[in-house]
Amino acid sequence: MGNFFFQKDIISIRDLDREKFDTIFNATDKIIAMSPNERRELARGKTLGYLFFEPSTRTRLSFEAAMASLGGTSIGIADALSSSTKKGESLADTVRIMSLYSDVLVLRHQLDGSSRFAAEVSAKPLINAGSGTEEHPTQAILDLYTIRKEKKKIDGLKIGVVGDLKYGRTVYSLLYALGNYKVDVHLISPPALKIRADSTYEIQKRLPFKESTDLEENLDEFDVLYVTRIQKERFADAEEYAKVKGSYKIGLDMLKKMKDDAIIMHPLPRLDEISPEVDSTPYAKYFTQAQYGKDTRAALLALILNEKGI
Ligand code: CP
């Protein structure tokens, strides 16, 4: 069978299924096991072009590090203010130009629908690295890979997702992705930050979930606790943000209530929702998760760029 990912855009996690996740996970395992010399053949002479219209640490740098590890190079715009966007150039023209200079594009943009639109005008495959409040598909891929590696399975797990479920795009991609597995999901948020009603129906078709506001109530049941930041930048009203800021805080006291082998994940960046004291406990997997971000993105790039896969 051919390589599904060759020259494909990655816009929504909803375009992928369990079999395709397995292809990426197996490619990731292979890449991790390869020697640096073998790995450097996977994108030798290829260029990744990144366009980041919103801030990023992990996504942009892990894509760059991944491309370097595959023997390729990266060029890009890390700050829209330093590009001709500042002079009024459109997203469409910026994408068209970048696709002349690159073999694969990575876009982060504040508008919902931006990646799908950009993929239509790009002559090269485009990866969505975060589009508005909508989706962050490569985050969901690394999240699933982290669960699979750290818990040795995904089916059968009880997963708590806590924090800003209204604006956190990582949550939407994760829930759509989890719809491919037999998991028990519990969503915990302040009432004002519940998952958006327009997405609830679609998610619930494949992933029945419970909702509540109290984290401690079910803390002893979770195999995975996925913590998210309250997304200050997406609130129109500072007073509304002040009302929900600091709603959930995971400290050492909370760990005593969790299963001994539970793991805590977070897409990062974190503010105060996980105390730094938790970082050195066996529960904390958020930095490992960020490491897997580089590995899974390297696998995805290698699959997109190599017709025969890896
Ligand atoms: N998780 C994530 O997308 O982090 P960055 O915003 O730093 O890329």
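Domain bounds here come from an automatic or database domain assignment. I need that before I can say who lines the ligand site, and I keep in mind that this is a predicted model.

**Entry: domains.** I looked up how the protein chain splits up. It is divided into domain 1 (13–135 + 293–305) and domain 2 (137–290). The contact between them takes 30 residues from domain 1 and 27 residues from domain 2. I also pulled the distance between the C-alpha centres of domain 1 and domain 2, and got 25 Å.

**Entry: who sits around the ligand?** Around the ligand I find S56, T57, R58, T59, R108, H136, Q139, P267 and L268. Sorted by class, that shell has 5 polar, 2 nonpolar and 2 charged residues. Which domains does the shell draw on? Domain 1 (13–135 + 293–305) and domain 2 (137–290) each supply at least three residues.

**Entry: polar contacts.** I went through the ligand's N and O atoms next. The side chain of T59 puts an N or O atom 2.6 Å from an oxygen atom of the ligand. For R58, a polar side-chain atom lies 2.9 Å from a ligand oxygen. L268 uses its backbone instead: an N or O atom there is 3.0 Å from a nitrogen atom of the ligand. How much of the ligand does the protein bury? Taken alone the ligand exposes 260 Å², and the protein buries 92% of that.

**Entry: the pocket.** Last, I checked where the ligand falls among the pockets. The space it takes is the largest pocket.

Note on methods: Residues are numbered from 1 along each chain as its sequence is written. This is a predicted model: local features need pLDDT of at least 70, side-chain atom pairs count only at pLDDT 80 or more; totals for chains, interfaces and linings use all residues. Side-chain values use heavy atoms; hydrogens and water are left out. A residue is near a molecule or strand if one of its heavy atoms lies within 4 Å of it. A polar contact is a pair of N or O atoms within 3.5 Å; within protein, one must be able to donate a hydrogen and the other to accept it, and residues adjacent in sequence count only if both atoms are side-chain atoms. Accessible areas come from the Shrake-Rupley method with a 1.4 Å probe; for residues, only the protein chains shown count as cover. On a 1 Å grid over the protein atoms alone, a cavity is a set of points where a 1.4 Å probe fits but cannot get out, and a pocket is an open set with protein on both sides within 12 Å along at least five of seven lines; lining residues have an atom within 4 Å of a point. A molecule sits in a cavity or pocket if more than half of its atoms lie within 2 Å of its grid points. Ala, Val, Leu, Ile, Met, Phe, Trp, Tyr, Cys and Pro count as nonpolar, Asp, Glu, Lys and Arg as charged, and the others, Gly among them, as polar. Contact means heavy atoms within 4.5 Å.
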